[in-house]
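Please work through the following exercises with the sequence and the structure at hand. Attempt each task before reading its solution.

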Amino acid sequence: MTSLFDPIKIGDIALANRVVMAPLTRNRAIAGNVAGPLTAEYYRQRAGAGLIIAEASQISPTAQGYLDTPGIHSPEQIAGWRKVTDAVHEAGGKIVLQLWHVGRISHVSLLPAGTVPLSSTARRAEAMTFTAEGFVPVSTPRALRDDEIPGLIDDYRRAACNAIAAGFDGVEIHAANTYLIEQFLRDSVNDRNGPYGGGIANRARLLLEVAQAVSEAIGAGRTGLRLSPMTTFTAPLDSDPQALYGYVVDRLAPLGLAYLHVIEGETGGTRNPEGKTFDYDALHRSFPGAWMLNNGYSRQLAIDSVAAGQADLIAFGRPFISTPDLVRRLRDDLPLNELRADKLYGGGAEGYTDYPTLAD
Ligand code: 8OZ
């Protein structure tokens with residue numbers, strides 16, 4: 001029987017165990033949206049994870065949607081991330097970067113002067129974002145023209161190459177949580193005509209072109225992708241999630257990606273939204289790479305899921321924030337530190353790099 005604590009090779013990346021640190025937005029980038037020394041220390045402390053998925057990072061200036069999130073498009077950002085990856089590698093860990101375009105979940109104050117958020121649609125989301133002025137409603141977006149899509153795909157490709165230049169072991173394409181790629185996927189948001197709107201094949205086209213471009217640029221064995229079929233964070237569900245995400249996974253299967261990362265239920269919320277069922281195992285059966293599941297896993301559920309072959313890897317979010325040495329605590333069945341929920345977003349070391357390990 002496979003153990004959560006057994007090593008595994010996912011694509012080209014060899015992991016010491018199957019406990020993954022989920023990507024977690026912490027809004028602590030320094031000037032220029034650079035990952036600073038505190039961020040290097042934060043990830044170094046968590047290098048016991050089999051894999052760290054570093055927080056969602058904007059692929060271009062137009063891809064940002066919240067204050068003080070890191071980017072992966074400038075030389076200074078690459079240099080900042082290099083210190084992070086060196087620290088994690090020196091501590092024996094592996095780390096990939098999550099590539100992010102927020103789409104319409106942004107505010108003009110966070111974007112290049114004179115620009116508005118970009119999406120599949122010109123309809124504003126019923127959502128808030130965090131800016132220098134605090135929480136504000138997101139701005140009304142502009143629908144990307146079809147002739148702008150190749151440039152967008154180039155931004156993903158360049159960001160992936162930048163991540164490799166910064167020393168990451170790979171990247172995770174963020175196609176979850178109702179950001180840009182999911183704004184194309186779902187018929188609840190995408191109101192386009194033409195090659196990127198209408199039926200499932202057209203709505204999935206951007207995701208598949210991004211996955212193809214990134215895989216070609218840095219190797220499929222260094223490329224993962226995250227989905228959240230039942231998350232309603234800033235947009236309603238698709239009218240037929242099983243068909244949509246089933247199609248997506250069928251088309252991703254031949255690319256040879258290192259892994260697929262699937263959030264079950266509502267991201268950060270219930271694993272079983274009332275009245276909404278989704279067959280995640282059906283997706284798993286059609287994907288040949290490593291299968292990573294996430295959302296509210298307890299120690300026992302994680303151990304059982306890996307032992308039963310339902311998942312190859314389990315990603316933990318909040319437990320990794322509070323407990324840097326989470327793998328050791330899970331292995332020895334020891335209690336975790338308490339999470340300081342008021343320190344999740346923004347600020348400094350408090351609630352970021354000051355959680356104790358057992359060794360402390
Ligand atoms: C929390 C706050 C801001 C962004 C996601 C990147 O949900 C995020 C995010 C989470 O994927």
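The exercises below concern a predicted model, and each is followed by a worked solution.

**Exercise 1. The ligand and its surroundings**

Task: Determine which residues surround the ligand, and state what distances separate oxygen atoms of the ligand from the side chains of His174 and Asn177.

Solution:
- Step 1. List the surrounding residues: Thr25, Ala56, Tyr66, Trp100, His174, Asn177, Tyr179 and Tyr345.
- Step 2. Examine the polar atoms. A ligand oxygen lies 2.7 Å from an N or O atom in the side chain of His174. For the side chain of Asn177, the distance from an N or O atom to an oxygen of the ligand is 2.8 Å.
- Step 3. Consider the cover. On its own the ligand has 300 Å² of accessible area, and the protein covers 82% of this area.
- Step 4. Identify the site. The ligand takes up the space of the largest pocket.

**Exercise 2. The strand β7 and its partner**

Task: Describe how the side chains of β7 are arranged, and state which residue of β8 is the bridge partner of Thr129.

Solution:
- Step 1. Locate the strands. Strand β7 covers residues 128-131, and β8 covers residues 134-137.
- Step 2. Follow the side chains along β7. They alternate: Thr129 and Thr131 point to one face and are buried, whereas Met128 and Phe130 point to the other face and are not buried.
- Step 3. Establish the pairing. The two strands run antiparallel and are joined by 4 bridges. Val136 in β8 is the bridge partner of Thr129.
- Step 4. Inspect the connection. A hairpin links β7 to β8 through 2 residues. Glu133 lies in this loop between β7 and β8.
- Step 5. Classify Glu133. Its relative accessibility is 69%, so Glu133 counts as exposed, the cut-off being over 50%.
- Step 6. Relate Glu133 to another part of the chain. Glu133 and Leu67 are 66 residues apart along the chain, and their C-alpha atoms are separated by 9.6 Å.

**Exercise 3. Two residues with positive phi**

Task: State what phi values Asp68 and Asn295 have, and decide whether each residue is buried, partly exposed or exposed.

Solution:
- Step 1. Recall the usual case. Most residues other than glycine have a negative phi.
- Step 2. Read the angles. Asp68 is not a glycine, yet its phi is positive, at about 60 degrees. Asn295, also not a glycine, has a positive phi of about 125 degrees.
- Step 3. Place the residues. Asp68 is in the loop between β4 (51-58) and α2 (75-90). Asn295 belongs to the loop between β13 (290-294) and α9 (299-307).
- Step 4. Classify them. Asp68 is partly exposed because its relative accessibility is 29%. Asn295 counts as buried because its relative accessibility is 3%.

**Exercise 4. Polar side chains in loops**

Task: Decide whether His101 and Thr323 are buried or exposed, and identify what each side chain contacts.

Solution:
- Step 1. Place His101 in the loop between β5 (95-100) and β6 (118-119).
- Step 2. Classify this residue. His101 has a relative accessibility of 1% and therefore counts as buried.
- Step 3. Find its contact. A polar atom of the His101 side chain lies 2.9 Å from the backbone nitrogen of Gly103.
- Step 4. Place Thr323 in the loop between α10 (318-322) and α11 (326-331).
- Step 5. Classify this residue. Thr323 is buried, since its relative accessible area is 0%.
- Step 6. Find its contact. The side chains of Thr323 and Ser322 are joined by a polar contact of 3.0 Å.

Key: Residues are numbered from 1 along each chain as its sequence is written. This is a predicted model: local features need pLDDT of at least 70, side-chain atom pairs count only at pLDDT 80 or more; totals for chains, interfaces and linings use all residues. Side-chain values use heavy atoms; hydrogens and water are left out. Buried means under 20% relative accessible area, exposed over 50%, partly exposed in between (1.4 Å probe, protein chains only). Two strands pair if DSSP finds at least two bridges between them. A residue is near a molecule or strand if one of its heavy atoms lies within 4 Å of it. A polar contact is a pair of N or O atoms within 3.5 Å; within protein, one must be able to donate a hydrogen and the other to accept it, and residues adjacent in sequence count only if both atoms are side-chain atoms. Accessible areas come from the Shrake-Rupley method with a 1.4 Å probe; for residues, only the protein chains shown count as cover. On a 1 Å grid over the protein atoms alone, a cavity is a set of points where a 1.4 Å probe fits but cannot get out, and a pocket is an open set with protein on both sides within 12 Å along at least five of seven lines; lining residues have an atom within 4 Å of a point. A molecule sits in a cavity or pocket if more than half of its atoms lie within 2 Å of its grid points.
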